[in-house]
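User: I would like to go through this structure with you. Could we begin with one of the helices and then move on to other parts?
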Amino acid sequence: MRISRVQAFVCDAGWRPWTFVKVETDEGLVGWGECSDSRNPHGVSGSVRDLEPLLIGEDPRAVQRLYWDMLRSFRQNLGGTSHKAIAGIELALWDIKAKALGVPVYELFGGPMRDRVQLYWSHCGTTRARHGDKLGLPPLRGYDDIVALGQEVVQRGFRALKTNIVIPGDPPRTYFPGFDRGYNGTDGVVTSEVLDQIDKLIGAFSQGIGGNGQIALDLNYNFRPAGVIEIGRLLEQFNMQWIECDTWDPRALLQIKQSIPQRLASCESLVSTRQYRPFLELQTVDTAIIDVPWNGFGQSHIIGQMADAYELTVAPHNYYSHLADLHAAHLCASLPNIRIMEIDIDDVPWKTQLITRPPKIEDGYIHVPKAPGWGADIVEDVLKEHPYPD
Ligand SMILES: [Mg+2]
């Protein structure tokens with residue numbers, strides 16, 4: 001079996017692009033991988049084009065060799081968009097290999113460890129504040145609407161949610177300095193106004209959820225350690241799943257972990273074992289977040305095992321299409337140290353039509369698929385109905 005074509009597709013998923021890689025073979029077997037990046041889709045798809053000549057004519061089942069060939073080819077650009085392109089191709093190669101053997105991908109990694117994985121509803125309130133109008137979802141005009149959203153999460157079977165700094169109003173806002181107008185994007189300091197907004201937001205979600213679940217707050221890259229610590233201490237009164245923040249400095253993260261009462265989750269932007277190693281060695285987090293579409297499956301699996309050796313749990317970073325949901329579910333099905341899995345519930349209405357076999361999501365859990373490969377393919381006709389602007 002030989003690779004005959006490698007293509008990237010970018011579609012417009014409402015407020016962000018989704019990027020997919022399709023690898024075709026001379027025997028007709030096709031593999032799909034997702035490597036969505038909200039900000040640089042053309043960089044990712046361009047890198048896929050740059051890698052195609054390296055892959056044409058090769059046996060797609062030699063996944064490890066091809067991964068390292070691609071990495072050597074791009075080694076002066078390790079990480080970033082080029083690594084996402086490598087990951088998307090690598091994921092499509094695992095799909096082909098597993099389909100050729102007639103097994104799900106996790107079988108190649110000794111799975112399944114479990115039949116289903118607990119989910120948390122991610123960007124809860126964030127998506128409604130930014131795109132609720134477009135999606136026809138209930139408005140977030142006041143904190144009562146946040147209470148109602150917390151109740152909805154529980155009614156729909158979930159026991160965990162993650163939000164960002166959402167400020168209800170007409171229109172509602174989110175606090176992302178640098179993205180949202182009116183805030184400096186680099187200072188990373190916490191004001192008393194922001195502390196008050198966070199206190200009200202988490203208080204309203206807590207009231208809505210009652211004793212039925214936990215809340216995670218993702219602070220992204222928006223604060224320096226002193227700010228994250230201040231927020232962590234403010235939220236001591238609530239039942240938090242974790243505090244989440246991003247930084248490229250492992251010692252800064254360790255300082256946060258040692259200073260707040262809650263569990264800390266981070267590392268979503270890292271790619272490759274080499275970037276994770278200092279964060280894991282210092283045990284800077286309780287839960288290491290791993291992005292499969294950015295790392296590929298082989299590296300994600302090794303990073304998860306490395307985390308296990310340091311007594312840490314992992315959680316997939318996953319806010320994409322259902323294909324990435326499947327990539328994440330397969331990772332959870334092949335590791336022994338899963339905390340929980342991320343998923344976006346508020347999304348474009350055609351999300352389930354984009355895939356041949358949408359994942360089964362029930363009572364706040366995703367069921368691990370049983371069909372060969374990832375368990376489903378992308379429906380190209382639906383993909384092409386939503387072109388992303390060049
Ligand atoms: Mg995050």
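User: What span should the 13 residues of helix α11 have, and how far apart are its end C-alpha atoms?
Analyst: This is a predicted model. At 1.5 Å a residue, helix α11 (residues 297-309) should span 18 Å, and its end C-alpha atoms are 19 Å apart, which agrees.

User: Which residues of α11 are buried?
Analyst: The buried residues of α11 are Phe297, Gly298, Gln299, Ser300, His301, Ile303, Gly304, Met306 and Ala307.

User: And what residue with a positive phi follows α11?
Analyst: Glu311 follows α11, and its phi is positive, near 65°.

User: Changing topic: which residues are the protein donors of the magnesium ion?
Analyst: They are Asp218 (OD), Glu244 (OE) and Glu268 (OE), which lie 2.0 to 2.2 Å from the ion. Their spacing in sequence is D-x25-E-x23-E. Glu244 belongs to strand β9 (residues 240-244) and Glu268 to the loop between β10 (264-266) and α9 (273-281), so this pair ties together parts that are 24 residues apart in sequence.

User: Are Glu244 and Glu268 buried or exposed?
Analyst: Glu244 counts as buried because its relative accessibility is 0%. Glu268 also counts as buried, at 9% relative accessibility.

User: Now the N-terminal strands. In what sense do β1 and β2 pair?
Analyst: Strand β1 (residues 3-12) pairs with strand β2 (residues 17-25) in the antiparallel sense, over 9 bridges. Within this pairing, Ala8 stands opposite Val21 in β2.

User: How many residues lie between β1 and β2?
Analyst: There are 4 residues between these strands, which form a hairpin. In the turn, Gly14 has a positive phi of about 85°.

Methods
Residues numbered from 1 in each chain as written. Predicted model: local features only at pLDDT ≥ 70, side-chain atom pairs only at ≥ 80, totals over all residues. Heavy atoms only, no water. Donors = N, O, S within 2.8 Å, 3.2 Å for Na, K, Ca; no water. Helix = DSSP H or I, 4+ residues; strand = E, 2+ residues; numbered from the N terminus. Buried < 20%, exposed > 50% of the residue type's maximum accessible area, 1.4 Å probe, protein only. Pairing = 2+ DSSP bridges. Expected span 1.5 Å × (residues − 1).
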